[in-house]
Amino acid sequence: MDYQTGFLNHFATEAVDGALPVGRNSPQKPAFGLYAEQFSTTAFTTPRVENRRSWLYRMRPTAAHGKMRKAEEVGTRWLSSPLDCGIADPNRMRWDPLAQPDGDVDFIDGMTTYCANGDVAACDGLGVHLYSCNASMKDRALQVSDGEMLIVPQQGTLHLTTEFGRLDVPPGHIAVIPRGVRFAVAVDGPSAGYVAENYGEPFRLPDLGPIGANGLANPRDFEAPVAWYEDRDCTFTVVQKYQGHFWTVTLDHSPFDVVAWHGNTTPCRYDLARFNTIGTVSFDHPDPSIFTVLTSPSAIHGTANCDFVIFPPRWMVAEDTFRPPWFHRNVMSEFMGLVHGEYDAKEGGGFAPGGASLHNQMNGHGPDAHSTQKAMEADLEPHKIDDTLAFMFESRWPFRLARQACELPGRQSDYDDCWTGFPKAELP
Ligand SMILES: O=C(O)Cc1cc(O)ccc1O
Ligand SMILES: [Fe+2]
């Protein structure tokens, strides 16, 4: 599979020589009778530095389709904010991994919403979902008009076909699909993972401040597809998620008919092993913001709609320091998942790869009693935390739980117990 590298680069790619116009976007007659189409994920008037748009050259215009039909039977467990869930719940939550589906289930129908915040109609907040699927989408594509999809595979490689080309996304990588891009997901077998459906501002690289010009996720490690198309006349269903509901429309051809494109809004993938992890070389456990891969800003500067933060393998060298995450209460709300290995704040068990946890705004959490005792007694030699990859979706808005997430059999009703048995401090 070929890729082009760079985050938000201005790419230019053609699958057929001569398909991409030179020096203009919309010639009177594009080559071969292709149709030019602008695809925007920021407003036309967004300042240049943040402006995102691409030009697609396709065999038929996207506009050439019939009436869309509301499809109640599609994506029945994929919900949107505001969730109809009664009162918001301050309890800390944790879940075992999702069960494998019964029968053939694809990426759309395998999606289960756990929680969401903000409001899809206000273009604020995010939906947090876990998928568990075992079937490829056949002659079926998905268009999520409600937000950008940040996909974190945990089990099984996702083979993505998009209007911009194809991407393979194994566990340890992430994919980001801009709002509205049509894509199909093929799998090799049982596949599971996590999704942030970002209703807000598109994800971007965080500023580096005093870190300097390099570090964390480096722009050149993001990979975009090269143009790829299929000239296939067939009955093809496009599923659109629009304002929390699913709609379908039938085409007489594959929508993956973009022969060339250029621009800076494009799906991409990123290998999290490329993340240049920064940490203390003196003392104290730094704030996890140093592990931010991508951020979706909100209107309040420095206060994210969503930060995507990872906890990758790294050396721990801090002296006279309680090395795991400290106990804390956070104005931001934290949803966590685990791709593989063990998370250093939850060595007492219960946070399994494929599982999830939610610590909502202002509610106390931190290492479980087992991890706490171990960290307080540890010999503070340099120590490599290895074979692990946890992550967090952190947001300025408290998450509302989906009722279906409360009712999942894997929800751990005893999660609070991991913080029991702390000996009381003894004062002089
Ligand atoms: O709660 C968590 O486990 C995530 C987290 C990790 C960390 O190192 C510091 C703060 C924080 O919220
Ligand atoms: Fe936390």
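# Notebook: loops, iron site and sheets

I began with D284, which sits in the loop between β20 (268-271) and β21. The model I am reading is predicted. D284 is not a glycine, yet its phi is positive, about 70°. I checked how open the residue is. D284 is partly exposed, with a relative accessible area of 46%.

**Other backbone oddities**

I looked for a second positive phi. F32 has one, near 60°, and F32 is a residue other than glycine. I placed F32 in the loop between β2 (11-14) and β3 (35-40). Is F32 buried or exposed? F32 is exposed, at 61% relative accessible area. The cut-off for that word is over 50%, so 61% qualifies.

Next I went to the peptide bonds. The bond from S81 to P82 is cis, and its omega is near 0°. P82 belongs to the loop between β5 (69-70) and β6 (93-95).

**The start of β21**

I then returned to β21, which spans residues 292-297 and includes T292. T292 counts as buried, with 5% relative accessibility. I asked what the T292 side chain touches. A polar atom of that side chain lies 2.8 Å from the backbone oxygen of S289.

**The iron ion**

Which residues hold the iron ion (ligand 2)? I listed H328 through NE2, E334 through OE, entered twice, and H365 through NE2. The coordination distances run from 1.9 to 2.5 Å. Along the chain the donors follow the spacing H-x5-E-x30-H.

I traced where the two histidines come from. H328 is in the loop between β23 (314-316) and β24 (333-340), and H365 is in the loop between β25 (356-359) and α1 (369-377). The pair therefore ties together parts that are 37 residues apart in sequence.

Why do I call the arrangement irregular? The six donor atoms around the iron ion (ligand 2) subtend angles of 57 to 163°, and that makes it irregular. For reference, six octahedral donors would ideally give 90 or 180 degrees.

I also checked cover at the two histidines. H328 is buried, with a relative accessible area of 16%. H365 is buried too, at 6% relative accessibility. The limit I used for buried is under 20%.

**Ligand 1**

I collected the residues around ligand 1. They are H285, P288, F311, P325, W326, H328, E334, M336, Y343, H365 and M392. H328, E334 and H365 appear here and also coordinate the iron ion (ligand 2).

Which side chains make polar contacts with oxygen atoms of ligand 1? I noted three entries.

- H285: an N or O atom of the side chain is 2.4 Å from an oxygen atom of ligand 1.
- H328: the distance between a side-chain N or O atom and an oxygen atom of ligand 1 is 2.6 Å.
- Y343: an oxygen atom of ligand 1 is 2.6 Å from a side-chain N or O atom.

I then looked up how much of the ligand is covered. On its own, ligand 1 has 310 Å² of accessible area, and the protein covers 98% of that.

**The nine-stranded sheet**

I turned to the sheets. One is an open sheet of nine strands, paired antiparallel, in the order β1-β16-β20-β13-β10-β15-β8-β7-β28. I looked at its ends. β1 (3-5) and β28 (400-401) are the edge strands, and each has a single partner strand, so one side of each has no neighbour in the sheet.

Inside that order I picked out β7 and β8. β7 (residues 111-116) pairs antiparallel with β8 (residues 126-133) over five bridges. T113 stands opposite H129 in β8.

**Strand β11 and its partners**

My last entry is β11, residues 158-162. How many of its five residues are buried? Four are, so I wrote β11 down as mostly covered, given the under-20% limit.

I followed the pairing on each partner. Five bridges join β11 to β14 (residues 182-187), and the two run antiparallel. In that pair L158 faces V187 of β14. β11 is also joined to β12 (residues 165-169) by five bridges, again antiparallel. There H159 has D168 as its bridge partner. β11 and β12 form a hairpin, and two residues lie between them.

Terms used. Residues are numbered from 1 along each chain as its sequence is written. Chains are lettered from A and ligands numbered from 1 in the order in which they are written. This is a predicted model: local features need pLDDT of at least 70, side-chain atom pairs count only at pLDDT 80 or more; totals for chains, interfaces and linings use all residues. Side-chain values use heavy atoms; hydrogens and water are left out. Buried means under 20% relative accessible area, exposed over 50%, partly exposed in between (1.4 Å probe, protein chains only). Two strands pair if DSSP finds at least two bridges between them. Donors are N, O and S atoms within 2.8 Å of the metal (3.2 Å for Na, K and Ca); water is not among the atoms, so sites may look incomplete. Four donors count as tetrahedral if all angles lie between 85 and 135 degrees; four count as square planar and six as octahedral if opposite donors are over 155 degrees apart and all others between 65 and 115; anything else is irregular. A residue is near a molecule or strand if one of its heavy atoms lies within 4 Å of it. A polar contact is a pair of N or O atoms within 3.5 Å; within protein, one must be able to donate a hydrogen and the other to accept it, and residues adjacent in sequence count only if both atoms are side-chain atoms. Accessible areas come from the Shrake-Rupley method with a 1.4 Å probe; for residues, only the protein chains shown count as cover.
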